[in-house]
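Colleague: Could you take me through this model before I set anything up with it?

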Amino acid sequence: MLVDFSVKNYLSFKETTTFSMIASSDKTLWDTNVIENAQDTGINLIKTAIIYGHNASGKSNLIKAMNFMADFVQNSTIINTDSAIKVNPFKIDPDCLNKPSEFDIRFIADGTIYNYGFSVDRQRIHQEWLYSFPKTQKRVLFERDNNKNNPFYFGSHFKGEKKVLEKLTRDDSLFLTVASGYNNTAARAIHSHISTLSSNIVIYSVFNRLIGLSAMHTTFISQEVPDIQNSIKSFVLNADTGIVDIISPKEKLSIENIENKSKAFVNDFKSDENNLNVFPDNDFVSFSSGIGVKYPKTLHKTKNQKGNIVETEFDFSEESDGTKMWYGLAGPINNTLYNGDIAVLDEFDIKLHPLLSKELISMFHNVKTNPKNSQFIGTTHNTDLLDKDLLRRDQIWFTEKKQDTGATDLYSLWDFKKKPRKEEDYRKNYLAGRYGAVPILEKFES
C-alpha cells in the first residue's frame, strides 16, 4: 500500500514535492473510500486519487517520476552502454542541472511501514536509504552516502552479508538492487514491492500502440491467472459494448509466469517502441524477445434478414478504440484487485464514456470488488469525476505551473487553507478556475 511518494529536481519538479495517499480527518465517504488503520499500522489511507491539471502542468511527470524510481530499482545493476543514467533534472534553472534528482517512497508491506529513497545524477548514486517503522519506531536498515570515505552504515536489523555486497555495488547502481540480486531476504522483499510498481504503471503517451499492448497484457493475464478470467470477461461484457463473449486465443506463450511476461511486455515497449506492430492484419503481435500472442476474438449478437438472432465473430482489430481501451484496462485492473496491488495510469480514461470511468473508480471503493484494499492513481481531464458522491476532497489532486519558476506545484483539494466545503460543486468551481490548474484561455484573444 502506498503511503506517499516524493520527488525533487526531476522533469518539472524543482523542489521536493510530495504526493500523499494518507487520508485526512474528513469523514466524508469514510466507510467506502478509506482504508482505516491500514494493516494495523495506525495510518488511514485513501483507496483512489485522481489528478487534474492543464496540459504541460506536470500530471504525467509525476507518473514518470514514479516509473523512473520503480524501473531504476528493478534494473540499476544493468550496465548502461552509454555510461549515463537516464535521469532528467529540472532544466529551467541551470543550477539544477548539476544537482542530483531525489526520489523517496513510503509504503506498507506485511504490517510494517517502509521508507526507501535515493538521490542520483547521470553519473552516480549520491545517497540511498532504507528505514522501517514497526510499531511506529524508526529502524535504520541501511544508509549510504557516496560523498563519505566510508559510504555505508548498516543498522542492527539489516541481516545477512554486508561487506561483500558493498564491494559489489558500483557507484552507478543501487545497493538495494544488488542486495536483492544476491538473495538478501530483507532487500528482496523491499525490491519486489517497489519494482512491482513498474509493471503497474502505464503511461499512454502513444495511444494506439499502447492500447494494443494493454490488450496483449490482458490476454497474458487471462491465460495465466485462471482465477480472474471470469472477472476480466465480466469487466468487458458489462460495459454495454455489444460484446456477448470473448474468445481467448488458445496459443500458450513460452514465458514461465505472468510476472516475467509483464516485465518483458513493458521492457519490450521501452526498448523497441518503434518496431512494434500493433493490430496487424493477422491479429498477431510478436516481440523481439520472442513472445507472441494472438488477440482475442469477440462475439456479437445480431439479427439476420429473417429476424433470427445470430452470433457474429469479430477480429479484435475491428472493435472501437473505446472497446479496445476498456479491454486493455481489464487485465491490469482486475490483476491489481486480485493481488492487492497499486495501479497507476496516466490518462486512464482516454476514449471512455464518463460513466465507465466512474465505474472503474467505484470498483476500488467497493469492498466486494476490492476486498484486499488495492489502490488506484490516475490522471485525467474528465471533470465529470469531480463528484462529491464519488471522491473525497483529499482524493482530488491538481498540478499547476508556478509563474515565477516554471516548476510544477502539486496540491489536493484538502490542502487549501480555506477548504472548499464538502457540499460544493467541485466540477463547476474547478472549471471556473477557483482551484487553479486550468489553462488561461484569454490569451487566445490576441
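Modeller: What follows goes through some strands, a helix and several ring contacts.

Modeller: This is a predicted model, in which local features need pLDDT of at least 70 and side-chain atom pairs count only at pLDDT 80 or more, while totals for chains, interfaces and linings use all residues. Residues are numbered from 1 along each chain as its sequence is written, and side-chain values use heavy atoms, with hydrogens and water left out.

Colleague: OK, strand β17 then, how many of its residues are buried?

Modeller: Five of the five residues in β17 (residues 342-346) are buried, where buried means under 20% relative accessible area, exposed over 50% and partly exposed in between, with a 1.4 Å probe and protein chains only. Strands are DSSP runs of E with at least two residues, and helices are runs of H or I with at least four, numbered from the N terminus.

Colleague: And which residues are on each side of β17?

Modeller: Ile342, Val344 and Asp346 lie on one side, with Ala343 and Leu345 on the other, and both faces are covered. In a regular strand the side chains alternate between the two faces of the sheet.

Colleague: Where does the chain go after β17?

Modeller: From β17 the chain passes through helix α10 (residues 354-365) to β18, making a right-handed β-α-β crossover, that is, one whose path from the first strand over the helix to the second runs clockwise when the strands point away from the viewer. β17 and β18 (residues 375-379) run parallel and are joined by four bridges, strands being paired if DSSP finds at least two bridges between them. Ala343 has Phe376 as its bridge partner in β18.

Colleague: What about the aromatics, how many pairs are there?

Modeller: There are 27 aromatic pairs in the structure, counted when ring centres of Phe, Tyr or Trp (its six-membered ring) lie within 6.5 Å, with planes under 30 degrees apart called stacked, over 60 edge-to-face and the rest tilted. One of them joins Phe364 and Phe376, a tilted pair at 5.4 Å centre to centre with 35° between the planes. Since Phe364 lies in helix α10 and Phe376 in strand β18, this pair ties together parts that are twelve residues apart in sequence. Phe364 is buried, at a relative accessible area of 0%, and Phe376 is buried at 0% too.

Colleague: Why is the pair of Phe398 and Tyr435 called tilted?

Modeller: Because the planes of Phe398 and Tyr435 are at 40°, with ring centres 5.8 Å apart, that pair is tilted. It links distant parts of the chain, with Phe398 in strand β19 (residues 396-401) and Tyr435 in the segment after α11 (426-431), 37 residues apart. Phe398 has a relative accessible area of 0% and is buried, and Tyr435 is buried at 5%.

Colleague: Which residues make up the ring cluster?

Modeller: The cluster linked by ring pairs consists of Tyr10, Phe68, Phe72, Phe103, Tyr116 and Phe118.

Colleague: Switching to helix α2, why call it largely enclosed?

Modeller: Of the 17 residues of α2, 13 are buried, so the helix is largely enclosed by the rest of the structure.

Colleague: Last one, which ring does the charged end of Lys27 sit over?

Modeller: The charged end of Lys27 sits over the ring of Trp30, 3.8 Å from its centre, the criterion being NZ of Lys or CZ of Arg within 6 Å of the ring centre and within 35 degrees of the ring normal. Lys372 has its charged end over the ring of Tyr338, 5.1 Å from the centre.
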